Amino acid sequence: MLILGIETSCDETSASVVENGREIVSSIILSQDTLHRSFGGVVPEIACRAHLESIVGIINNALVDAKITLAEIDAIAVVNTPGLIGALLIGVTAAKTLCMALDIPLIAVDHLHAHIYANNLEYDNIPYPAISLVVSGGHTILFLSESETKHIPLGWTIDDAAGEAFDKVSKILGLGYPGGPIIDKLARRGNQCAVAFPRAYLEKDSLDFSFSGLKTAVLYHYRRYDSKNTGAKIPSDQEIADIAASFQEAVVDVLVEKTVLASKIHRVRGILTGGGVAANSRLRQRLKEKSKELSIPVYCPSIRLCTDNAAMVAGLAYKKYLEGDISGLDVEAIP
Ligand code: KG4
Ligand code: ZN
């Protein structure tokens, strides 16, 4: 079964053809990074317009790459929640239009569940129940995953998402957008113990997250160097790397600790990760270490499948299709 997936929830326009929920026949991802870079974050209005301009071409490219025509597609999958409302609407409208014209099923997919499914595109026999950590620019959430399609939320961020914190700290340090990959690279030559940034664990056994205090701590620390405020020196490249490494370690400590806590509380058989921040090398390394300690497998999708892509959407849709979870053409985009 060939499913065409469409993903436009944030700042990537993506289309992909996936066979039987597993084989990625084609995957096209157009990133809007350059459009948002000067603003240090995603500008919703710019994102919507860019999706609108490129969606038809991206779908066409996915079909050309797969060497098939629309007539050979068996169903269309689209992310309808969560995301930027105007951005979601472009993908959802394109998907509905194609389904109506081709008279094939529409399968609406949750963006966060699709991030978790990225693991199933690459690994066989993932054991359930599992704890799934989804960490992206818009979300930080722990799920108890009972299967590829059943995910129960256990805890989420009460303020900033982890990726948002990476992006904002990168902006504070003057490093650029998106901040995650830049900080990840820079932190490798920084000292993670240089600055004792706070870790917000919240109340005992809480599976919720909070990153806004950490972001503010980085801001205040950086301001000590700001010559306009204090006359202090400008931080050296090494000091910037040290701040980046110390910040990253604070984020990773909290993510790892809460994921491990959730896995112990729910006595799961595996840990899954997904979302852009799951590409972080330090997070992956620390979770792999925990895998040995807990004696359960930890799965991280390959880097290209961590960030937004339509292959994970088309993949998950196949499982939903098998379960009869098909959407009507009245399905709504929900931010
Ligand atoms: O999942 P994603 O592509 O989009 C959303 O659904 O939000 O995640 C994007 C986020 C951005 O905040 C970006 O800075 C972060 O993922 N990111 C990373 C890394 N690569 C991307 N954060 C930390 N380390 C990375 N290597
Ligand atoms: Zn995402």
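Domain bounds here come from an automatic or database domain assignment. Keep in mind that this is a predicted model: local features need pLDDT of at least 70, side-chain atom pairs count only at pLDDT 80 or more, and totals for chains, interfaces and linings use all residues. Residues are numbered from 1 along each chain as its sequence is written, chains are lettered from A and ligands numbered from 1 in the order in which they are written, and side-chain values use heavy atoms, with hydrogens and water left out.

**Exercise 1. Work out which parts of the protein surround ligand 1.**

Step 1: start with the domains. Domain 1 (2-116 + 306-322) and domain 2 (126-300) each give at least three residues to the shell.

Step 2: go down to elements (helices are DSSP runs of H or I, at least four residues; strands are runs of E, at least two; both are numbered from the N terminus). Helix 6 gives the largest share of the shell, 4 residues.

Step 3: pick out the nearest residues (near means a heavy atom within 4 Å). There are 20 residues around the ligand, and Gly137, Asp167, Gly180, Asp184 and Gly276 come nearest.

Step 4: sort the shell by type. You get 5 nonpolar, 12 polar and 3 charged residues; Ala, Val, Leu, Ile, Met, Phe, Trp, Tyr, Cys and Pro count as nonpolar, Asp, Glu, Lys and Arg as charged, and the others, Gly among them, as polar.

**Exercise 2. Find N/O pairs between ligand 1 and the protein, then check how covered the ligand is.**

Step 1: look for pairs of N or O atoms within 3.5 Å. The side chain of histidine 115 puts an N or O atom 3.2 Å from a ligand oxygen.

Step 2: try the backbone too. Glycine 163 has a backbone N or O atom 3.1 Å from an oxygen of ligand 1.

Step 3: now the ligand nitrogens. One is 3.1 Å from a side-chain N or O atom of asparagine 280.

Step 4: check the cover. On its own, ligand 1 has 550 Å² of accessible area (Shrake-Rupley, 1.4 Å probe), and the protein covers 91% of that.

**Exercise 3. Track down the unusual backbone spots.**

Step 1: scan omega. Threonine 81 and proline 82 are joined by a cis peptide bond, with omega about -20°; proline 82 is in the loop between strand 4 (75-81) and helix 3 (85-102).

Step 2: keep scanning. Another cis bond links tyrosine 177 to proline 178, with omega about -5°.

Step 3: check phi. Leucine 202 isn't a glycine, yet its phi is positive, about 60°.

Note on methods
Polar contact = N/O pair within 3.5 Å; in protein donor to acceptor, adjacent residues only side chain to side chain.
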